[in-house]
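Student: Got a minute to go through this one with me? Put it up and let's start with the charged side chains.

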Amino acid sequence: MFKSTKVILLVAVLVLAVQSGYAADMQQMGNMNMQTDIGSEGMKMHKGHGIANNINARSGKVNISHEPIESMNWPKMTMDFTVQNKADLEAIKPSMPVDFEITQQGKGYIIMNIRPAK
Ligand SMILES: [Cu+2]
């Protein structure tokens, strides 16, 4: 009797520990999502259009000859970009017209999404 009570208590403690662990994880994930949401709201996105030249899907880099981006006072130019999501580059081939969105990250700019232009 005493022994089985002890086992039940132990199990109860374990279940509580596991549950609170999950709860903590869930909460962290929730916070992370919230921060991402706040971040994306705070990030100013600029739409660009251009022609992809060199694509390096492995390093997540793409060289683009882009049209002027008026929201940033950028003239037409050819430049390298880092892409947030390397997988986006799998659909991009050299000389392909592309639409993309960039945002400032530190001193540089990063492509948040890029896709073949319609
Ligand atoms: Cu540029």
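Tutor: Sure. Start with Glu67 and Lys76, whose side chains form a salt bridge, N to O at 3.3 Å. The term means a side-chain nitrogen of Lys or Arg within 4 Å of a carboxyl oxygen of Asp or Glu.

Student: Wait, what kind of model is this, and what gets counted?

Tutor: It's a predicted model: local features need pLDDT of at least 70, side-chain atom pairs count only at pLDDT 80 or more, and totals for chains, interfaces and linings use all residues. Residues are numbered from 1 along each chain as its sequence is written, and side-chain values use heavy atoms, with hydrogens and water left out.

Student: OK. Is Lys76 buried or exposed?

Tutor: Exposed, with a relative accessible area of 59% for Lys76. Glu67 is partly exposed at 34%. The cut-offs: buried is under 20% relative accessible area, exposed is over 50%, and partly exposed is in between (1.4 Å probe, protein chains only).

Student: How many salt bridges are there?

Tutor: Two. Glu101 also pairs with Lys47, with 3.1 Å between the closest N and O atoms. That pair links distant parts of the chain, 54 residues apart: Glu101 sits in strand 4 (residues 97-105) and Lys47 in strand 1 (residues 46-56). Strands here are DSSP runs (E, at least two residues), numbered from the N terminus.

Student: And how accessible is Glu101?

Tutor: Glu101 has 15% relative accessibility, so it counts as buried, while Lys47 is exposed at 61%.

Student: Switching topic: how do strand 1 and strand 4 pair, parallel or antiparallel?

Tutor: Antiparallel, over six bridges. Two strands pair if DSSP finds at least two bridges between them. One contact to look at is His46, whose bridge partner in strand 4 is Ile102.

Student: What does the whole sheet look like?

Tutor: Five strands make a closed barrel in the order 1-2-3-5-4, with mixed pairing. On average, neighbouring strands of this sheet are turned by 55 degrees against each other, direction ignored. The axes are lines fitted to C-alpha atoms, with angles running from 0 to 180 degrees between N-to-C directions.

Student: Now the metal. Which residues coordinate the copper ion?

Tutor: His66 through NE2, plus Met77 and Met79 through SD, at 2.0 to 2.6 Å. Donors are N, O and S atoms within 2.8 Å of the metal (3.2 Å for Na, K and Ca); water isn't among the atoms, so sites may look incomplete. The donor spacing in sequence is H-x10-M-x1-M.

Student: Which strands hold His66 and Met79?

Tutor: His66 lies in strand 2 (residues 61-66) and Met79 in strand 3 (residues 77-83), so the pair ties together parts 13 residues apart in sequence. His66 is buried at 1%, and Met79 counts as buried at 19%.

Technical notes:
Helices (H or I, at least four residues) and strands (E, at least two) are DSSP runs, numbered from the N terminus.
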